[in-house]
Amino acid sequence: MAYVIAEPCIDDRDQSCVSVCPVDCITADLSVDRKFYIDPDGCIDCGSCESACPNQAIFRADELPPAWAHFEWIDATWYRDPGAARQAVDGAAAAA
Ligand code: SF4
């Protein structure tokens, strides 16, 4: 069960999570991405990022608020189809 970065990260990208992750599985291309993404295959479920985030944007996948449940798909998708993930982030930002 990986952790997931949800809507509050969009257009903020604080980066505190990146520096505390012990396995470097939080990534973004800052030239194009509007949030960071957690690699579900790399995450070891330590929870360090959740407590480091100043925006309360990070949740265990099974504890995501229902309105942000689709961010589990967005984070996982970014690692195989970043364009699709970015499109979904744009949609989530527009709906917020
Ligand atoms: Fe990295 Fe731990 Fe957060 Fe997973 S839970 S993304 S391993 S800091």
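In the predicted model, Y79 is in contact with C25, I26, T27, Y37, I38, D39 and P40, its neighbours within four places in sequence being left aside. Y79 is situated in the loop that runs between α3 and α4. One of these partners, Y37, lies 42 residues from Y79 along the chain, and the two C-alpha atoms are 8.4 Å apart. The relative accessible area of Y79 is 30%, so the residue is classed as partly exposed.

I38, another of the residues contacted by Y79, belongs to strand β3, which spans residues 37-38. With a relative accessibility of 1%, I38 counts as buried. Beyond its neighbours within four places in sequence, I38 is in contact with Y3, V4, I5, C25, I26, C43, C49, I58, D75 and Y79. The contact between I38 and Y79 thus appears in the list for each of the two residues. C25 and I26 are likewise contacted by Y79 and by I38. Between the C-alpha atoms of I38 and D90 the distance is 18 Å, at a separation of 52 residues in sequence.

The loop that holds Y79 joins two helices that pack against each other. Helix α3 comprises residues 71-78 and helix α4 residues 82-95; their axes are 7 Å apart and meet at an angle of about 150 degrees. Because angles over 145 degrees count as roughly antiparallel, α3 is described as roughly antiparallel to α4. The crossing of the two helices is left-handed. On the α3 side the contact is formed by F71, W73, I74, T77 and W78, and on the α4 side by P82, A84, A85, R86, A88, V89 and A92. By class, the residues of this contact comprise ten nonpolar, one polar and one charged.

Cysteines were examined for disulfides. A disulfide is a covalent bond between the sulfur atoms of two cysteines. With a cut-off of 2.5 Å between sulfur atoms, the count is zero disulfides. For C9, which is in no disulfide, the nearest cysteine sulfur belongs to C17 and is 6.3 Å away. C9 has a relative accessible area of 7% and is therefore buried. C49, one of the residues in contact with I38, also counts as buried, at 8% relative accessibility.

Backbone geometry was considered next. Most residues other than glycine have a negative phi. Q15, although not a glycine, has a positive phi of about 80 degrees. Q15 is placed in the loop between β1 (3-5) and α1 (16-20), and at a relative accessible area of 37% the residue is partly exposed. A positive phi, near 50 degrees, is also found at Q56, a residue other than glycine. The position of Q56 is in the loop between α2 (48-52) and β4 (58-60). With a relative accessible area of 54%, Q56 is exposed.

Two further loop positions were characterised. V23 occupies the loop between α1 and β2 (26-27) and is partly exposed, its relative accessible area being 36%. Apart from neighbours within four places in sequence, V23 is in contact with G42 and I44. I44 is 21 residues from V23 along the chain, and their C-alpha atoms are separated by 7.7 Å. E63 is found in the loop between β4 and α3 and counts as partly exposed at 48% relative accessibility. The C-alpha atom of E63 is 9.5 Å from that of V4, the two residues being 59 residues apart along the chain. V4 is also among the residues in contact with I38.

How values were computed
Residues numbered from 1 in each chain as written. Predicted model: local features only at pLDDT ≥ 70, side-chain atom pairs only at ≥ 80, totals over all residues. Heavy atoms only, no water. Axes fitted to C-alpha atoms, helices over the stretch in contact; angles between N-to-C directions. Helix = DSSP H or I, 4+ residues; strand = E, 2+ residues; numbered from the N terminus. Parallel < 35°, antiparallel > 145°, perpendicular 65-115°, else oblique. Left-handed = near helix turned anticlockwise from the far one by under 90°. Contact = heavy atoms within 4.5 Å. Nonpolar A, V, L, I, M, F, W, Y, C, P; charged D, E, K, R; others polar. Buried < 20%, exposed > 50% of the residue type's maximum accessible area, 1.4 Å probe, protein only.
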